[in-house]
Amino acid sequence: MKFKQLLLGVTVLAALQSCQQNTKKNAPLDGFTSGTAKFEGDESFSPIIDEELYVFKAIYPEAKPVITYKPEAEVVNSLMNDKTRLIILSRNLDTTELGVLKRRALVPDVNKFAIDAVAIIVNQASNDTTISVGEIKKMLNGQSKTNKNIVFDNPNSSLVRYLKTLSGSKEFKQKNIYALSSSKEVIRYVSTHPDAIGITGFNWLNDPDKDYAEAVDKVKIVGVKDEGSKTNPNEYFKPSQTTLVQHTYPLSRSLYVIDCTGRKGLAAGFASFLASERGQRIILKSGLLPDSIPSREINITH
């Protein structure tokens with residue numbers, strides 16, 4: 001009898017230990033401001049995302065998010081194939097993508113956190129200082145007589161998608177239109193080719209890293225006119241926080257953080273930080289437009 005009771009006790013203890021081990025295996029590796037988690041982001045916005053990430057990890061040293069940068073199409077594919085649950089894009093998810101997530105019982109938490117401008121750049125030696133939206137569309141559609149080379153980042157980027165939507169063109173097959181490998185390469189190319197026109201994100205031109213800062217100094221941003229504007233059809237504007245908030249600069253795109261984890265883990269923590277006052281101040285300091293402009297405190301002393 002005692003042997004049976006002992007055997008039963010050993011069996012129960014083993015079962016409890018097994019349950020505890022399984023619970024540990026299934027337990028999340030991350031919390032709201034701690035642990036490890038892997039995210040993916042559109043490589044077009046790596047400068048501003050890296051700034052946010054640096055401050056986030058400095059404030060929360062136990063948080064160890066790892067962000068991999070890829071072209072937009074690859075980032076979306078990773079989400080659809082369940083390789084990541086948090087992504088950063090310059091667009092919202094479409095109906096088909098939302099349908100895939102719904103079938104997997106995933107509800108995306110989508111938050112806009114910044115607005116970036118699409119900048120048109122030329123070499124400092126170029127005489128070009130302005131361009132219109134109509135002229136940009138003609139160049140992209142091969143209807144312009146210009147023989148200048150037009151360069152942008154890789155074919156699968158969000159910028160190329162944006163330009164296709166802008167121009168109404170499904171493909172860019174013109175001989176003078178080139179897709180390079182990255183935004184840095186676009187800036188470097190324009191800095192050494194006086195007859196080139198580059199199209200890149202404005203976030204790459206503010207506070208550049210040392211490896212391409214010299215190239216940024218050798219290019220200039222041209223003013224853009226939207227002849228279809230109801231308020232300013234004859235005025236040229238350059239990208240800035242002022243022209244973005246006033247909607248006078250015609251080429252812009254919003255940045256979204258999309259969290260599909262469905263829980264208050266590190267993905268939700270980082271997404272919340274991007275939308276917080278501290279996160280929005282980083283956007284403001286970078287030269288981009290934050291989604292919600294942080295309040296400014298003024299201390300009055302007598």
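This is a short dialogue on reading pockets and salt bridges in a predicted model.

Me: Let's begin with pockets. How do I find the empty space?

Reply: Rolling a probe the size of a water molecule over the atoms shows where empty space is left. In this predicted model, the largest pocket comes out at a volume of about 250 Å³.

Me: Which residues lie nearest the centre of the largest pocket?

Reply: Asp-30, Thr-36, Ala-37, Lys-38 and Arg-263 do, out of a lining of 14 residues. By class, that lining holds 6 nonpolar, 4 polar and 4 charged residues.

Me: And which element gives the largest share of that lining?

Reply: That's β2, with 4 residues. Both β2 (34–42) and α10 (266–275) supply at least two residues each.

Me: What is the volume of the second largest pocket?

Reply: About 200 Å³. Helix α2 (residues 46–59) brings the largest share of its lining, 4 residues. Also on the lining are Lys-184, Trp-204 and Tyr-212, among others. The class split here is 4 nonpolar, 3 polar and 5 charged.

Me: On to salt bridges. How many does a search of the whole structure find?

Reply: It finds 15. Try the one where the side chains of Arg-263 and Asp-30 meet, at 2.6 Å, N to O. The two partners are 233 residues apart and link distant parts of the chain: Arg-263 sits in the loop between β13 (252–259) and α10, Asp-30 in strand β1 (residues 30–31). You've met both already, since they are among the residues nearest the centre of the largest pocket.

Me: Is Asp-30 buried or exposed?

Reply: Buried: the cut-off is under 20% relative accessible area, and Asp-30 has 13%. Its partner Arg-263, at 35%, is partly exposed.

Me: What about the salt bridge of Arg-85?

Reply: Its side chain meets that of Asp-82, at 2.6 Å, N to O. Arg-85 counts as partly exposed at 29% relative accessibility, and Asp-82 is partly exposed too, with 39%.

Me: Lys-184 lines the second largest pocket. Which residue does its side chain meet in a salt bridge?

Reply: Asp-211, at 2.7 Å, N to O. Lys-184 lies in helix α7 (residues 183–192) and Asp-211 in helix α8 (residues 210–216), so this pair ties together parts 27 residues apart in sequence. Asp-211 counts as partly exposed, at 44% relative accessibility.

Me: Which residues do salt bridges that share partners join into one network?

Reply: Glu-72, Arg-91, Glu-97 and Arg-161.

Terms used:
Residues are numbered from 1 along each chain as its sequence is written. This is a predicted model: local features need pLDDT of at least 70, side-chain atom pairs count only at pLDDT 80 or more; totals for chains, interfaces and linings use all residues. Side-chain values use heavy atoms; hydrogens and water are left out. On a 1 Å grid over the protein atoms alone, a cavity is a set of points where a 1.4 Å probe fits but cannot get out, and a pocket is an open set with protein on both sides within 12 Å along at least five of seven lines; lining residues have an atom within 4 Å of a point. Grid points are joined across faces, edges and corners, and a volume is the space filled by probe spheres set on the points. Ala, Val, Leu, Ile, Met, Phe, Trp, Tyr, Cys and Pro count as nonpolar, Asp, Glu, Lys and Arg as charged, and the others, Gly among them, as polar. A salt bridge is a side-chain nitrogen of Lys or Arg within 4 Å of a carboxyl oxygen of Asp or Glu. Buried means under 20% relative accessible area, exposed over 50%, partly exposed in between (1.4 Å probe, protein chains only).
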